[in-house]
Structures are given as structure tokens and as C-alpha cells.
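Here is a set of questions and answers for a reader who is new to this structure. Each answer works its way to the value or name asked for.

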Amino acid sequence: MMRLSLFPQQLYLLPGGINKLRIFEPRYLRLIKLAMASSDGFGLCMKGNDKICHFGTRAIITDFESQPDGVLGITIQGVDKFVINDYWQEDDGLHFGDVTLMDNWSKSEIRSIDRDVPKTLRVLFKEYPEHSVNYPTPDFEDLTWVCQRWLEILPLDTTQKQWFMSRKDHRAALSFLRGVIDEKYRND
């Protein structure tokens with residue numbers, strides 16, 4: 001078990017995912033200080049019905065900058081998935097949780113039947129550079145990496161995102177993505 005400071009956000013980040021955040025609330029500035037003082041990082045978790053969701057992603061800070069408006073900008077990378085066993089909130093509003101790390105999805109090669117999944121992600125990255133800007137060396141040859149990036153981008157509800165996060169491998173995500181991509185091709 002591991003104790004992490006928690007950052008409840010609607011941001012869905014999976015292992016290997018990279019994103020940028022703007023930090024300005026005192027409690028989250030404290031979270032950043034704690035995360036920088038240890039190699040554990042912090043727990044990025046979603047909220048549903050005003051409660052912290054069961055699953056989250058341990059994230060590390062890979063870069064930071066002071067932005068022109070004085071807000072702290074950080075770049076984070078997802079490292080591990082976790083399940084929250086217990087959480088609480090301290091007087092300043094910062095949440096902490098006792099979490100158990102989960103196994104990351106294993107790397108998976110692209111089979112010919114699945115080649116549309118990375119192909120359409122490449123197209124999406126070209127059309128919407130805001131999704132690709134964080135990935136200067138994308139791993140389109142790893143089906144797990146591709147599935148995780150798709151899940152981060154798609155407008156899924158919190159329950160769906162939590163369900164995919166709870167899976168032991170990428171197969172459920174792959175099946176879902178095949179359906180989404182097939183539906184798009186039929187409608188275009």
C-alpha cells in the first residue's frame with residue numbers, strides 16, 4: 001500500500017499519458033511540493049457525484065514553468081494505475097489516499113485485424129495537434145499505448161472511464177474502439 005496526495009480532476013490520464021496542468025490553488029501548490037519532494041508523485045483521480053472515484057493514476061511531474069499570468073504550469077506523466085482503499089481531506093482541502101498499485105497493461109503488438117485503431121489515431125493526431133503535442137515520439141506500434149491514448153481522448157462518461165481503468169489488460173478497450181471506429185467508417 002502507498003499513501004499519495006490526491007488531485008481530483010475530470011482529466012482522464014492512463015499510464016504513459018502526458019498532459020499539462022495549471023496549478024494555482026494553495027492546496028494543489030502544496031500537492032506539487034509534496035510530489036516534488038518524493039519520487040512517488042501524486043494520485044490523479046476523477047470525481048463522480050461529488051465523491052472521489054475508486055480508480056486513479058499515479059502521476060509524476062516531468063516539467064514545470066511559471067506562466068505569464070503567474071500561474072504554475074506543470075507537465076505530468078501517468079505511471080501506474082491504482083485503486084483507492086481509503087481517502088480523507090485535510091484542513092486545507094488537500095485530499096490524501098491509501099492506494100494499492102495495479103499492474104499496467106502489457107505492451108501489445110498490432111495485428112492486421114487491428115491496424116485501423118492506430119491508423120485512425122494517427123489521423124486524429126494530425127487533425128488535432130493539441131492531442132499530439134505531448135507525444136513527440138508516439139508509440140503507434142504498441143496497441144496498448146494506442147488504446148490508452150484513445151480512451152484519454154474519447155468523450156466517455158466517468159463510469160465508463162473507471163470501468164476501462166479497472167480492466168487487467170487492453171482487450172476490452174480494443175473491442176470497444178473497434179466498434180467506435182467501424183461505426184465512424186459506416187457513417188462517413
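A residue is called buried under 20% relative accessible area, exposed over 50%, and partly exposed in between. The model is predicted.

Q: Is E25 buried, exposed or partly exposed?
A: E25 is found in the loop between β2 (18-23) and α1 (26-37). Its relative accessibility is 29%. Partly exposed covers the range between 20% and 50%, so E25 counts as partly exposed.

Q: What distance separates the C-alpha atoms of E25 and D63?
A: Along the chain, E25 and D63 are 38 residues apart. In space, their C-alpha atoms are separated by 19 Å.

Q: What span should helix α2 have at 1.5 Å a residue?
A: Helix α2 covers residues 116-127, which makes 12 residues. The expected span is 1.5 Å times one less than the number of residues. The end C-alpha atoms of α2 are 16 Å apart, which agrees with the expected span of 16 Å.

Q: Within what arc do the buried residues of α2 fall, seen down its axis?
A: In α2, the buried residues are V117, P118, T120, L121, L124 and F125. An α-helix has 3.6 residues a turn, so residues three or four places apart point the same way. The buried residues of α2 line one face of the helix, because seen down the axis they fall within an arc of 160°.

Q: Which exposed residues does α2 carry on the face turned away from its buried side?
A: One face of α2 is lined by its buried residues. The face turned away from that buried side carries the exposed residues K126 and E127.

Q: How are α2 and α4 oriented to each other: parallel, antiparallel, perpendicular or oblique?
A: Two packed helices are described by the angle between their axes and the distance between the axes. The axes of α2 and helix α4 (residues 143-153) come within 10 Å and cross at roughly 50°. Angles under 35 degrees count as roughly parallel and 65 to 115 as roughly perpendicular. The crossing angle of α2 and α4 therefore makes them oblique.

Q: Which residues of α4 make the contact with α2?
A: α2 passes α4 in a left-handed crossing. On the α2 side, the contact is made by V117, P118, T120, L121, L124 and F125. On the α4 side, it is made by L143, W145, V146, R149, W150 and I153.

Q: How far apart in space are V180 and V117, C-alpha to C-alpha?
A: V180 lies in helix α6 (residues 171-187) and counts as partly exposed at 32% relative accessibility. In sequence, V180 and V117 are 63 residues apart. C-alpha to C-alpha, V180 and V117 are separated in space by 9.7 Å.

Q: What distance separates the C-alpha atoms of Q162 and F55?
A: Q162 is in helix α5 (residues 158-166) and counts as buried at 9% relative accessibility. Leaving aside residues up to four places away in sequence, Q162 touches M46, C53, H54 and F55. Q162 and F55 are 107 residues apart along the chain, and their C-alpha atoms are separated by 6.2 Å.

Notes. Residues numbered from 1 in each chain as written. Predicted model: local features only at pLDDT ≥ 70, side-chain atom pairs only at ≥ 80, totals over all residues. Heavy atoms only, no water. Helix = DSSP H or I, 4+ residues; strand = E, 2+ residues; numbered from the N terminus. Buried < 20%, exposed > 50% of the residue type's maximum accessible area, 1.4 Å probe, protein only. Arc of directions from axis to C-beta. Axes fitted to C-alpha atoms, helices over the stretch in contact; angles between N-to-C directions. Parallel < 35°, antiparallel > 145°, perpendicular 65-115°, else oblique. Left-handed = near helix turned anticlockwise from the far one by under 90°. Contact = heavy atoms within 4.5 Å.
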